[in-house]
Amino acid sequence: MTKVPDHIARMIRVDQAGEFGATRIYAGQLAVMGDRGPDSAEIAGMAEQEAGHREKFDALMARRGVRPTALQPFWDRAGFALGAVTALIGPEAAMACTAAVETEIDEHYSKQLDQLMESGEDPELAAMIEEFREDEREHRDAALAAGAERAPAYPLLSGIIRLGCRAAIRISERV
């Protein structure tokens with residue numbers, strides 16, 4: 001197995017952690033909302049897509065010998081808690097969570113994609129990121145259409161979640 005450059009390993013590690021976190025957020029939301037909530041079917045569909053993204057990153061990590069973040073147990077609980085808490089606030093808050101997270105992931109994936117396209121390295125990873133970024137944009141747009149901006153204290157809620165995402169990204173790249 002060829003050694004993966006450190007910057008590529010960091011990209012793969014953080015992206016897998018993000019997709020894992022997304023599956024946990026949706027699991028927390030669905031645990032509270034059940035299958036009868038106003039947006040449960042939409043959330044279940046997003047969760048299924050995120051699970052597919054995670055599976056592809058898991059396989060890429062295994063093939064390339066990239067270790068997962070050591071914080072995966074923390075992201076497991078933190079993601080579930082974030083999903084559950086936002087769903088407890090209400091359907092709009094659950095969608096606000098999705099919109100905030102996906103906005104940050106869109107920006108994160110766009111930066112990675114720019115870097116990969118500029119360097120011309122790792123076309124396989126670039127293609128995955130580009131495909132997944134489009135899915136994340138669809139999730140964000142669906143959340144906004146479902147009333148994310150009507151959530152109580154939306155600007156504050158969105159800002160806190162986005163800040164948390166940025167911190168999680170930075171930490172998961174290295175740890």
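Which helices each supply at least two residues of the lining of the largest cavity? Here is a walk through the model, with that one answered at point 5.

1. Ground rules. This is a predicted model, where local features need pLDDT of at least 70 and side-chain atom pairs count only at pLDDT 80 or more, while totals for chains, interfaces and linings use all residues. Residues are numbered from 1 along each chain as its sequence is written, and side-chain values use heavy atoms, with hydrogens and water left out.

2. Start with H1. Helices here are DSSP runs (H or I, at least four residues; strands would be E, at least two), numbered from the N terminus. H1 has 28 residues and covers 40 Å from its first C-alpha to its last, close to the 40 Å expected at 1.5 Å a residue. That expected span is 1.5 Å times one less than the number of residues. Right after H1 comes Gly34, with a positive phi near 70 degrees.

3. Then look at the core. A nonpolar core is a set of buried Ala, Val, Leu, Ile, Met, Phe, Trp, Tyr and Cys residues joined through side-chain atoms within 4.5 Å. Buried means under 20% relative accessible area, exposed means over 50%, and partly exposed is in between (1.4 Å probe, protein chains only). The largest core has 43 residues, and the members touching the most others are Ile8, Ile12, Phe57, Val101, Leu116, Leu125 and Ile161. H1 (6–33), H2, H4 (91–119), H5 (123–145) and H6 (154–174) each put in at least two residues, with H4 giving the largest share at 12 residues. For a close-up, try Leu125: leaving out residues up to four places away in sequence, Leu125 touches Ile8, Met11, Ile12, Phe57, Leu60 and Leu116. Contact here means heavy atoms within 4.5 Å. As background, nonpolar side chains in soluble globular proteins tend to be buried together.

4. Next, the pockets. On a 1 Å grid over the protein atoms alone, a pocket is an open set of points with protein on both sides within 12 Å along at least five of seven lines, a cavity is a set of points where a 1.4 Å probe fits but cannot get out, and lining residues have an atom within 4 Å of a point. Points are joined across faces, edges and corners, and a volume is the space filled by probe spheres set on the points. The largest pocket holds about 460 Å³, and of its 27 lining residues Gly21, Ile25, Gly164, Cys165 and Ala168 are the closest to its centre. H1 gives the most to this lining, with eight residues. By class, the lining has 16 nonpolar, six polar and five charged residues; Ala, Val, Leu, Ile, Met, Phe, Trp, Tyr, Cys and Pro count as nonpolar, Asp, Glu, Lys and Arg as charged, and the others, Gly among them, as polar. The second largest pocket has a volume of about 280 Å³, and its lining divides into two nonpolar, four polar and eight charged residues. Nearest the centre of that second pocket, among 14 lining residues, are His108, Gln112, Ile169, Arg170 and Glu173.

5. Back to the opening question. A search of the whole structure turns up one cavity of 30 Å³ or more, and the largest cavity has a volume of about 50 Å³. H1 and H4 each supply at least two residues of its lining, and H4 provides the largest share, four residues. The lining is made up of Ala22, Ile25, Tyr26, Cys97, Thr98, Val101 and Glu102.

6. Two loop residues deserve a glance. Most residues other than glycine have a negative phi. Asp122, in the loop between H4 and H5, is not a glycine but has a positive phi of about 55 degrees, and with a relative accessible area of 14% Asp122 is buried. Ala153, in the loop between H5 and H6, also has a positive phi, near 55 degrees. At 48% relative accessibility, Ala153 counts as partly exposed.

7. Finally, two helix residues. Ser40 is in H2 (residues 40–64) and counts as buried because its relative accessibility is 2%. Apart from residues up to four places away in sequence, Ser40 touches Leu30, Met33, Gly34 and Asp35. Asp76 sits in H3 (residues 72–89) and is partly exposed, at 23% relative accessible area. With the same sequence neighbours left out, Asp76 touches Phe20 and Arg24. Asp76 and Ala22 are 54 residues apart in sequence, yet 9.4 Å apart in space, C-alpha to C-alpha.
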